[in-house]
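Open the model in your viewer and keep the sequence at hand. We will stop at two helix pairs.

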Amino acid sequence: MKRIVPLLAFLTAFPALSTDMYLPAIPMLVEQWNQPLVVVNLTLIAFFASFCTFIAVYGPLSDRYGRRPLLLAGITIYIGASIGCALSPSVYTLIAARIGQGAGAASAQTLALAIIRDKFDGLERGRILAHMVGIMAVAPMLGPVFGGWMLKWCHWPWLFVSQACLGVIGIIGVYFMEESLKDPIKVSALQVFARYGVVFKNGRFMKLNVVMSLFGLPFFGFIASSSYLYIKVFGLTEQQFGYFFAFTSGGFMLGPMVLNRLANHMSYNKIIGIGLSGVTLGGLALAFNSHATPWHLALPIFLFVFSFGVFRPAATNMALEQVTTDVGSASSMLVFLYSMVGAVGMWMISLEWPDKMTVLGSLAAGIGILSLIFWFLSSGNYEIGGELPLEAPAED
């Protein structure tokens with residue numbers, strides 16, 4: 001476990017590393033290429049659109065061919081696309097290369113989740129997921145700081161060269177990793193995609209997946225607009241933006257640590273309710289404060305991501321508890337829907353809103369309230385840690 005968890009956390013952090021290191025360069029590229037923010041932000045949206053598309057490919061194929069071969073192929077694509085990003089002469093070639101990056105990064109995050117489901121069960125899996133989310137939070141915390149300092153000494157293409165180097169580290173780790181899938185399904189490569197039907201029929205899994213995914217709207221909306229808000233609206237430097245972003249990401253790292261402590265004293269059902277209450281309060285605070293200083297953005301967002309970090313690993317574990325077959329397909333569905341909603345959130349916040357912070361806060365608060373209502377009505381249908389659910393999930 002001491003070896004596999006850091007490797008899986010590193011692989012799962014690829015999307016965050018691919019995005020957050022690059023955030024400080026967005027205002028610079030708007031000026032360098034004389035393009036509006038909505039066009040430059042397509043480099044973010046295209047990444048996540050590609051990421052979501054290929055998530056749907058890797059998971060089912062890994063149920064047939066294993067996790068390790070698909071990981072090696074995906075990270076190889078990621079390395080090549082990162083080099084393509086570094087060599088891009090225009091925003092449009094950068095968008096194309098970012099599509100390749102998303103295609104490769106999709107293998108890392110999806111299959112890392114499937115490997116966790118292969119190797120761990122119940123509450124132990126919950127602790128592993130919380131540890132992973134805590135480790136993963138280092139990527140968005142340090143990514144913008146590292147990116148901001150790189151931009152002070154280097155030109156922006158070096159951001160993508162460094163990402164290619166991280167890909168090389170990842171592929172070395174996967175090469176020496178043993179295969180976690182013990183019983184691959186015995187169907188053809190085309191038939192394997194039909195197994196999504198089994199996942200869709202699992203009502204409890206899908207309901208919880210949909211609820212978790214909705215939070216991708218404000219979460220990724222903040223990521224896409226953060227550099228614009230801190231640098232253009234509040235007038236901070238790229239380095240100062242990195243520090244504020246690191247502060248926010250610290251909340252996402254602290255949340256899973258608190259989850260592991262709370263799990264010793266209360267059920268996941270209560271923890272998820274507490275986390276949903278926190279994200280709602282963070283959204284309300286962001287929507288209705290004065291927005292006069294950077295801290296009027298940073299503090300409510302900190303509460304939001306901290307609470308998100310508390311309940312998301314617990315809810316993910318709860319969702320995985322509902323599946324016993326087609327784990328790769330289920331893992332793909334978890335990441336696919338969340339990331340696709342996140343891409344929509346990035347697009348929404350890129351529009352010409354008069355006050356992007358109010359929009360983000362309203363999204364977080366509204367989704368939080370709806371999710372609290374859902375959880376109040378449905379939490380009794382979900383159990384974990386060896387207890388039987390109220391109804392058997394559909395497997396066929």
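**Two partners of one helix**

Start with α6 and α10, which run roughly antiparallel to each other, because their angle is over 145°. This is a predicted model.

Select residues 67-86 for α6. Add residues 157-175 for α10. The α6 and α10 axes lie 8 Å apart, at an angle of about 165°. Turn the view until one helix sits in front of the other: the crossing of α6 and α10 is left-handed.

Now show side chains at this contact. On α6, pick R68, L71, L72, I75, T76, Y78, I79, S82, I83, C85 and A86. On α10, pick P157, F160, V161, Q163, A164, G167, V168, G170, I171, V174 and Y175. Colour them by class. The contact of α6 with α10 has 16 nonpolar residues, five polar and one charged.

**Next stop: α1**

Keep α10 selected and add α1, residues 4-12. At what angle do the axes of α1 and α10 cross? They cross at roughly 140° and come within 10 Å. That angle makes α1 oblique to α10. The crossing of α1 and α10 is left-handed.

Show the residues that make this contact. From α1, take L7, F10 and L11. From α10, take L166, I169, G170, G173 and V174. Colour by class again: the contact of α1 with α10 holds six nonpolar and two polar residues, and no charged ones.

Finish on α10 itself. Select G170 and V174. Both belong to the contact with α6, and both belong to the contact with α1.

Methods:
Residues numbered from 1 in each chain as written. Predicted model: local features only at pLDDT ≥ 70, side-chain atom pairs only at ≥ 80, totals over all residues. Heavy atoms only, no water. Axes fitted to C-alpha atoms, helices over the stretch in contact; angles between N-to-C directions. Helix = DSSP H or I, 4+ residues; strand = E, 2+ residues; numbered from the N terminus. Parallel < 35°, antiparallel > 145°, perpendicular 65-115°, else oblique. Left-handed = near helix turned anticlockwise from the far one by under 90°. Contact = heavy atoms within 4.5 Å. Nonpolar A, V, L, I, M, F, W, Y, C, P; charged D, E, K, R; others polar.
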